[in-house]
Amino acid sequence: MLLVDSRKRIVWRYPKPNVDPAMPFSFDDDTFFGPRFDRIISNQEDQHTIQIISFPGGHILWRYGSVNHSGERPGLLNTPDDAYLLPNGLVTVADAYNCRVLFINQAHQIVKHLGTTGVCRHDPPGHLGAVNGATPLADGGMLVSEVTGSWVDNFGPTGRLRWAVRAPVSYPSDPQLLGPGRFLLADYTRPGHALIMTRRGRVLWRYGPDSGPGALDHPSLALPIGHGLIAVNDDYRHRVVLISIRTRRIVWQYGQTDVPGRRHGRLNTPDGLALLRTADARRNPDVLRFIARAERGRR
């Protein structure tokens, strides 16, 4: 897990080099900041766990799941994806191959869910297919992507289905709501795509060259970052790219295209990203002091 600034300098990492973490950290799929930007939550798909660590301290504060053990019963997950920490302290996660979205409290109790455990079919809200993404919405709802059938579902705060639409993609990944009835979606395939579409199924914008340096290979997340830019994890080309909506061109990237690695300037199958804006960092004095120290250390 890396924090990289706009000049491609690494200012923070977890775990620290040559330091074994207190809990295994294998294939950290997605990472997102908590609401106060003093926490980072990460799900490890292949080891079936979720971790919350302090930021910038890097200490494990909470965990859920059993390392390398999948299952359906309480305390277990099966390939968790898109874990988020909500302002009320609940953790949400797409429990992919249990075909459900869970809401878990700090006492490790499941207090709410979407879908039916182990029943995998598109019939929301009672049943869901394999769930690839579950993005919390500002009003307490949830935007969910189902792999089978390429469905995107919008649920209200009470779990009521507001709308569902089939996306013209092979593998819908991590939908992000852009406004009423509009959302951004990654197509996790090769060549991959990023799309903006409506709840009615109309595609408003698409990026996805078939070949060449701009082509994507299994992009797992597309995220709007403002100024007409979309950030994309280009997983199998080992890079994170910024794409101009207007020109449909890559205007910035971190990672060397098609060259995996762990040293500075390289990535190895990046599968999640989150944006730390300066204004957000200023809300947390510890984070602001940390970034200021990192800046002084590079002078």
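The lining of the second largest pocket comprises, by class, 20 nonpolar, seven polar and four charged residues, where Ala, Val, Leu, Ile, Met, Phe, Trp, Tyr, Cys and Pro count as nonpolar, Asp, Glu, Lys and Arg as charged, and the others, Gly among them, as polar. The model is a predicted one, in which local features need pLDDT of at least 70 and side-chain atom pairs count only at pLDDT 80 or more, whereas totals for chains, interfaces and linings use all residues. Residues are numbered from 1 along each chain as its sequence is written, and side-chain values use heavy atoms, with hydrogens and water left out.

This second largest pocket has a volume of about 930 Å³, and of the 31 residues that line it, Phe33, Tyr84, Thr135, Pro136 and Gln176 are the closest to its centre. On a 1 Å grid over the protein atoms alone, a pocket is an open set of points with protein on both sides within 12 Å along at least five of seven lines, a cavity is a set of points where a 1.4 Å probe fits but cannot get out, and lining residues have an atom within 4 Å of a point. Grid points are joined across faces, edges and corners, and a volume is the space filled by probe spheres set on the points. At least two lining residues of the second largest pocket come from each of strand S3 (28–33), S7, S11, strand S15 (172–179) and S19, with S15 giving the largest share, three residues; strands (E, at least two residues) are DSSP runs numbered from the N terminus, as are helices (H or I, at least four).

A search of the whole structure finds one cavity of 30 Å³ or more. The largest cavity holds about 30 Å³ of space and is lined by Phe103, Lys112, Leu114, Gly140, Gly141, Met142, Phe155, Gly156, Pro157 and Gly159, which divide into five nonpolar, four polar and one charged.

The largest nonpolar core, a nonpolar core being a set of buried Ala, Val, Leu, Ile, Met, Phe, Trp, Tyr and Cys residues joined through side-chain atoms within 4.5 Å, has 23 residues, of which Ile41, Ile50, Trp62, Val91, Val93 and Ile104 touch the most other members. Strand S5 (49–54), strand S6 (60–64), strand S7 (80–85), S8, S9, strand S19 (219–226) and strand S21 (239–244) each supply at least two residues of this core. A second, separate core of 15 residues includes Val11, Phe25, Phe37 and Phe55.

The search of the whole structure also finds one disulfide, a term for a pair of cysteine sulfur atoms within 2.5 Å. It is formed by Cys99 and Cys120, whose sulfur atoms are 2.0 Å apart. The pair links distant parts of the chain, 21 residues apart, with Cys99 in the loop between strand S8 (91–95) and strand S9 (100–104) and Cys120 in the loop between strand S10 (110–114) and strand S11 (131–136). The torsion about the S-S bond of Cys99 and Cys120 is about 100°, and the disulfide is therefore right-handed. Cys99 is buried at a relative accessible area of 1%, whereas Cys120 is partly exposed at 44%; buried means under 20% relative accessible area, exposed over 50%, and partly exposed in between (1.4 Å probe, protein chains only).

Met23, in the loop between strand S2 (10–13) and S3, is buried at 1% relative accessibility.
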